[in-house]
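The following exercises are to be worked through with the structure in view. Each task sentence is followed by a solution in steps.

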Amino acid sequence: MTQSKSRREVLLGAAALAGAASLPRPVSAQPKGRIVVGTWGGDYARLLNKNIEAPLLIKDGWEVVQDQAGDPERRSKMLAEKRLPRGTSDVQGLSALNMYQMEDAGTVLPIDYGKLKNAGNLLPTMKYPYGVGHIYSGKVGIYNPKVITTAPVSYKDVFDPRHGNKLGIIDIQYQYTLVCAALAAGGKVNDIEPGKKLLLECKNAGMRIYPTNEAFAQGLKSEEFGVGVMWKARVVQWQNAGIPVTAVAPAEGALAYVSGFVIPKNSPNKDGAYAYLDAMLDKSAQEAFAVDMGYNPTVTNAVVAPDLNQRIGFTPDEVKKLVDLDYDHMNKNDVPFKEWWDKVLKS
Amino acid sequence: MAKQPMAATAPAQFHSDERPTSLLSATTLVGPATVFVAAGLLVPLAILFRYSFNSFEPRRMMVETFTLDNYVKFFADPYYTGVLWTTLRVAALCTVTCVIMGLPLAYVLARTQSRFKNVLIMLVVLPLFVGNAVRAAGWMTLFGSKGFLNVTLMQFGVITEPLQIMYTESAVVAGIIAVNLPYMVLTLQSVIEGINRNVEEAAFSLGAGPITMFRRVLLPLSLPGILAGTILTFILGMNAYATPVLLGGPKFKMMGPLVYGQFQLNNWPFGASVAFVLMAATLGLTATANILVQRRFRR
């Protein structure tokens with residue numbers, strides 16, 4: 001059985017449809033494309049998503065995919081893909097040394113800072129021609145006051161053979177440890193030999209070598225050793241975890257650690273890559289990373305609470321004294337340094 | 001409609017005495033696996049072998065050339081040959097220990113009439129349910145200076161200072177044996193199960209003691225299983241990675257971590273040559289052992 005509709009009913013229905021159409025609807029951004037981000041896994045990847053990708057990119061219609069792996073694997077992938085017209089990633093997170101290395105190998109795009117609206121706020125030292133600094137920290141002296149009663153004030157105090165087996169170093173941080181020891185022994189970032197001599201003296205006195213940062217933290221916690229060097233940001237994380245450790249900015253100037261992003265030359269989505277770099281420099285993202293990870297912002301407009309800044313940051317004098325690696329020297333000598341480390345120091 | 005003979009109406013696939021159709025020929029059946037192995041293993045191996053003759057230059061990473069320098073560097077440097085010897089020693093020690101520990105266990109498993117036999121086999125396989133890294137992490141909690149072993153020994157007054165077990169060769173050997181033992185036991189168990197119990201009883205009835213029976217009957221008959229298990233555990237021992245890294249610590253080096261370390265330094269040519277030295281040593285030793293044991297077995 002069918003019922004015919006009166007003209008009034010039809011008009012009422014049409015009005016209801018028009019009214020429903022005019023109701024506010026959830027905003028869905030136009031899809032802008034996919035950004036593939038090469039990054040370390042763990043906390044860093046999680047925080048990239050929490051502080052950059054979800055609030056600043058995905059919301060605007062970008063699809064962000066993380067390619068998580070250690071940096072050696074990702075650098076190998078970049079080298080292997082070098083000849084391909086289209087690579088598989090749009091941005092790659094690397095340390096400043098590795099960014100230089102990849103640039104030297106001809107795999108990364110020069111950064112056009114004109115495409116980054118947040119570039120004006122970027123610290124000049126974080127503006128690499130081939131990459132953008134995301135966060136930074138410094139290699140500070142650390143000690144457990146229960147084990148080491150006299151606080152070290154310099155790398156020289158840390159790398160003192162008199163500490164015997166109360167001095168600990170980390171195997172995977174051979175590059176930075178060599179340079180810290182060189183600075184302690186009166187050498188320079190491109191004059192490592194005095195550092196090698198000093199490390200051998202410390203080794204003969206009983207210095208402990210731990211395989212990873214985590215094993216180092218365990219040793220510190222169990223009081224197997226009591227003095228060493230570490231990134232200030234990591235020290236904050238350990239303090240939060242209840243490990244009794246105090247950080248001191250070394251008198252020689254803390255060795256800077258910068259983590260940033262590069263754009264591979266064959267990035268399939270270069271616009272997306274620039275959008276990612278710009279979002280990474282956003283004030284809110286930079287402030288969130290300082291709170292969540294203990295690293296310092298690389299932009300001048302980020303505001304860090306004074307109490308947090310006291311724990312993670314450096315005084316203006318300490319910032320002036322920050323020491324950067326000689327990337328070219330390290331890059332050229334990385335293999336000989338590692339061979340010396342394995343064959344001589346660890347033998 | 002005339003009735004057709006049965007053979008004429010039966011579908012073609014029921015003609016069991018016919019030659020296999022082209023779709024089911026041996027070549028077709030073997031083909032996909034062969035292509036998969038060739039593409040997934042042999043091609044990358046061939047590329048890596050070629051890389052091992054290239055040279056390394058820090059700025060350009062890998063320079064196309066043909067040189068034996070990487071192999072010369074390995075064999076001329078006592079550090080690298082030392083790593084190879086350490087690897088051979090650890091793999092051999094683990095293999096011998098696995099045979100000694102695995103044979104009695106496999107014998108019991110093979111001969112037991114218990115209704116819990118399957119449960120016992122599952123217990124042997126249980127360590128393989130977790131990855132090498134997770135298993136090594138377990139060993140770390142056991143071996144650490146404040147680990148279960150040291151704390152227990154100190155509480156009972158056996159020791160006053162914690163023993164240094166972590167970051168030693170002993171820790172690595174213990175860790176690898178734990179990984180490899182199930183492979184040895186399962187291989188031996190399946191072979192011993194195939195040996196007729198009557199031959200053992202015949203030996204006993206002819207006056208042989210348990211040791212003589214083992215030496216003259218069980219051992220020769222289970223030799224194929226021992227050989228297979230030995231090859232399997234030796235290869236796994238030679239190529240161990242997670243256990244040496246996590247339990248051996250920074251000063252202990254085996255070939256697997258050495259290969260990975262070279263690739264971390266972007267020195268692909270030397271990393272490739274170390275990988276092929278490892279592969280050649282493993283293949284050479286297992287092939288030699290195979291030939292020697294088979295000759296002995298034939299006698």
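**Exercise 1: Two helix pairs in chain B**

α4(B) and α8(B) are oblique to each other, which means that their angle falls outside the ranges for the other classes (under 35 degrees roughly parallel, over 145 roughly antiparallel, 65 to 115 roughly perpendicular, the rest oblique). The model is a predicted one, in which local features need pLDDT of at least 70, side-chain atom pairs count only at pLDDT 80 or more, and totals for chains, interfaces and linings use all residues. Residues are numbered from 1 along each chain as its sequence is written, while chains are lettered from A and ligands numbered from 1 in the order in which they are written.

Task: Describe how α8(B) crosses α4(B) and α10(B).

Solution.

Step 1. Helix α4 of chain B covers residues 78-111, and its axis comes within 6 Å of the axis of α8(B), with a crossing angle of roughly 40°. Axes are lines fitted to C-alpha atoms, for helices over the stretch in contact, and angles run from 0 to 180 degrees between N-to-C directions. Helices (H or I, at least four residues) and strands (E, at least two) are DSSP runs, numbered from the N terminus.

Step 2. The crossing of α4(B) with α8(B) is right-handed (the near helix is turned clockwise from the far one by less than a right angle; anticlockwise would be left-handed). The residues of this contact divide into 21 nonpolar, four polar and two charged. Here Ala, Val, Leu, Ile, Met, Phe, Trp, Tyr, Cys and Pro count as nonpolar, Asp, Glu, Lys and Arg as charged, and the others, Gly among them, as polar.

Step 3. Helix α8 (residues 169-193) of chain B and helix α10 (residues 210-238) of chain B have axes that come within 8 Å and cross at roughly 160°. These two helices are therefore roughly antiparallel to each other. Their crossing is right-handed.

Step 4. On the α8(B) side the contact includes Ile176(B), Tyr183(B) and Leu188(B), and on the α10(B) side it includes Pro224(B), Ala228(B) and Leu232(B). Two residues are in contact if their C-beta atoms, placed from the backbone, lie within 7 Å. By class, the contact of α8(B) with α10(B) has twelve nonpolar, eight polar and no charged residues.

**Exercise 2: Chain B as a whole**

Task: How many helices and strands does chain B have, and how is chain B spread in space?

Solution.

Step 1. Chain B contains 13 helices and two strands.

Step 2. Its radius of gyration is 26 Å, well over the 19 Å that the globule rule gives for 299 residues, so chain B is more spread out than a compact globule. The radius is taken over C-alpha atoms, and the rule is 2.2 Å times the number of residues to the power 0.38.

Step 3. The C-alpha trace of chain B spans about 90 × 65 × 45 Å along its principal axes.

Step 4. Of the 299 residues of chain B, 28% count as buried (20 or more other C-beta atoms within 10 Å of a residue's own; exposed means 12 or fewer, partly exposed in between, with C-beta atoms placed from the backbone).

Step 5. Among contacts in chain B with a separation of 6 or more, 72% join residues 24 or more positions apart.

**Exercise 3: Where the chains meet**

Task: How many residues of each chain are in contact with the other?

Solution.

Step 1. In chain B 14 residues are in contact with 18 residues of chain A.

Step 2. The side of chain B that touches chain A has six nonpolar, five polar and three charged residues.

**Exercise 4: Single residues**

Task: Is Tyr167(B) buried or exposed, and where is Glu223(A) found?

Solution.

Step 1. Tyr167(B) is found in the loop between α7 (148-155) and α8 of chain B. With 22 other C-beta atoms within 10 Å, Tyr167(B) is buried. Although Tyr167(B) is not a glycine, its phi is positive, at about 60°.

Step 2. Most residues other than glycine have a negative phi.

Step 3. Glu223(A) lies in the loop between α8 (213-221) and β8 (227-231) of chain A. Its phi is positive too, at about 65°. Glu223(A) counts as partly exposed, with 13 C-beta neighbours inside 10 Å.

Task: Which residues does Thr286(B) touch, not counting residues up to four places away in sequence?

Solution.

Step 1. Thr286(B) lies in helix α13 (residues 268-298) of chain B.

Step 2. With that exclusion, Thr286(B) touches Ile231(B), Phe234(B) and Ile235(B).
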